[in-house]
Amino acid sequence: MKLLKAIRLYTKFIYLFLLGKVIRKNEYKEEYDKVSRTYSRWIERMKKHTDEILRIDLLEKETNTDILDFACGTGYISNSLLGSIGNPHLSVTAVDISEKMLEIAQLEIDDPRCTFVLQDGMSFLEMEESEKYNAIYFGFGIPYFNRRKVVKQFNRILKENGTVHLISNCRGTLEGISEIYLDLMKDDPSMINRIMEIGFNLPKSEKSLKTWFSRYSFDTISLKTVNELMIFKTPIELYDWLKQTGAIAGTGKIFTESKVVDNKIIEKIKDTLAYKNQYRINHKFILAIFQKSSQR
Ligand SMILES: C[S@@+](CC[C@H](N)C(=O)[O-])C[C@H]1O[C@@H](n2cnc3c(N)ncnc32)[C@H](O)[C@@H]1O
């Protein structure tokens, strides 16, 4: 029976893949539009980690400094940099595909040194001139891009000795969540509307992230992994956290009937993520700084 269910599921995956029914940038954009008003929950909890990659000591603070905040979301990184650097010649370009996320960034940041760009990140990078930026910040955005193309473009648009400041979820994050989705899909493959390949884009480990960047002649300045556990009183609270913060952005597009699925997910959270009468989930991520090598 189990084998039969698995065969049905993988047949459906192949069928959807062949039809091109894979969640892509427009679906992610729509999902982030939806969470824009509640994304502050993520920032409040995670900003202590994001702050660690700001490393303004590595930036040139006196002369013209061009910074890119790539997939900037509601602009936490841009705002923090602008708030801590007085240099009138600082220029921050904040790019995102979600107009609602960017609207909030524009409300939060009142500084003429910041330019907002509503565009798909990859096409933005491809159109930028070479060796323009002193630093690129990339907060929790890796899974939405083709990593090889992004790192290659980062290398091209950075000045010599420019830095990439990165924080990214990695494999091992949200333990138990993909199993819940797979179980639901196995139970009723007819409800699957689209497939999601985001998990494959996450770095496996510090070593693999380092390899992605060293291929394009980046040196590693720092690397660190964090595993943050979050405990909730009820399964609904845990699920709300995942949905409201964008932690599972994209999954809202997997099933045809998301309302029915919501209740099933909550039931599965109750069964599989219980911990001492409460409910627990982890966020595992890597913090890294890479520098474009000057000897190429
Ligand atoms: C988890 S949020 C991170 C926001 C911000 N960097 C931070 O650290 O809070 C991911 C962001 O990536 C953006 N994004 C997803 N796909 C994108 C794309 N193709 N181009 C530009 N931005 C994209 C989303 O709209 C969202 O704002």
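This report walks through a predicted model of a single chain with a ligand, from its overall form to a few individual residues.

## The chain as a whole

Let us start with the broad view. The chain folds into 11 helices and eight strands. Its C-alpha trace spans about 65 × 40 × 30 Å along the principal axes. How does the radius of gyration sit with the expectation for a compact globule? With 296 residues, such a globule would have a value near 19 Å, and the 20 Å of the chain agrees with that.

Buried residues account for 37% of the 296 residues in the chain. Contacts also reach far along the sequence: taking those between residues at least 6 apart, 86% join residues at least 24 apart.

## Parallel strands in the middle of the story

Strand β4 (residues 133-139) is a good place to look next. Seven of its seven residues are buried, so β4 is largely enclosed by the rest of the structure. Strand β1 (residues 65-70) runs parallel to β4, and four bridges join the two. Within this pairing, Ile67 stands opposite Ala135 of β4. β4 also pairs with strand β5 (residues 158-169), again in the parallel sense, over six bridges. Here Ile136 has Val164 of β5 as its bridge partner.

β1 has a further parallel pairing, with β2, over six bridges. In that pairing Asp69 is matched with Ala94 of β2. β2 is mostly covered, with six of its seven residues buried.

## The nonpolar core

In soluble globular proteins, nonpolar side chains tend to be buried together. Which residues touch the most other members of the largest nonpolar core here? They are Phe70, Ile136, Tyr137 and Phe138, out of 73 residues in that core. The largest share of this core comes from strand β8 (residues 278-292), which gives seven residues.

Ile136 shows how the pieces meet. Setting aside neighbours within four places in sequence, Ile136 is in contact with Leu68, Phe70, Phe154, Leu158 and Val164. Val164 is thus both a contact of Ile136 and its bridge partner in β5.

## Around the ligand

The ligand is surrounded by 22 residues, and the closest are Ala71, Gly73, Ser98, Gly121 and Gly139. Their shell divides into 11 nonpolar, seven polar and four charged residues. Which helix supplies the largest share of the shell around the ligand? That is α2, with four residues. Each of α2 (25-35), α3 (40-50) and α4 (76-84) supplies at least two residues of the shell.

## Four residues side by side

The table sets out four residues from different degrees of cover, with the count of other C-beta atoms inside 10 Å.

| Residue | Cover | Other C-beta atoms within 10 Å |
|---|---|---|
| Ile286 | buried | 24 |
| Ile85 | partly exposed | 19 |
| Lys276 | exposed | 7 |
| Asn277 | exposed | 6 |

Ile286 lies in strand β8. Why is Ile286 classed as buried? Its count of 24 other C-beta atoms within 10 Å decides it, because a residue is buried if 20 or more lie within that distance. Not counting residues within four places in sequence, Ile286 is in contact with Ser168, Cys170, Pro203, Glu206, Leu209, Leu223 and Thr225. Phe140 is 146 residues away along the chain, yet the C-alpha atoms of Ile286 and Phe140 are separated by 9.6 Å.

Ile85 sits in the loop between α4 and β2 (90-96). With 19 other C-beta atoms within 10 Å, Ile85 is partly exposed. Beyond residues up to four places away in sequence, Ile85 touches Ile56, Lys61 and Leu90. Leu59 is 26 residues from Ile85 in sequence, and their C-alpha atoms are 9.6 Å apart.

Lys276 and Asn277 bring us to the loop between β7 (274-275) and β8, where Lys276 is found and where Asn277 also has its place. Neither residue is a glycine, yet phi is positive in Lys276, at about 45 degrees, and in Asn277, at about 65 degrees. Lys276 is exposed, with 7 other C-beta atoms within 10 Å, and Asn277 counts as exposed with 6.

Terms used:
Residues are numbered from 1 along each chain as its sequence is written. This is a predicted model: local features need pLDDT of at least 70, side-chain atom pairs count only at pLDDT 80 or more; totals for chains, interfaces and linings use all residues. A nonpolar core is a set of buried Ala, Val, Leu, Ile, Met, Phe, Trp, Tyr and Cys residues joined through C-beta atoms within 7 Å. A residue is buried if 20 or more other C-beta atoms lie within 10 Å of its own, exposed if 12 or fewer, and partly exposed in between; C-beta atoms are placed from the backbone. Two residues are in contact if their C-beta atoms, placed from the backbone, lie within 7 Å. A residue is near a molecule or strand if its C-beta atom, placed from the backbone, lies within 6 Å of it. Ala, Val, Leu, Ile, Met, Phe, Trp, Tyr, Cys and Pro count as nonpolar, Asp, Glu, Lys and Arg as charged, and the others, Gly among them, as polar. The radius of gyration is taken over C-alpha atoms; the globule rule is 2.2 Å times the number of residues to the power 0.38. Two strands pair if DSSP finds at least two bridges between them.
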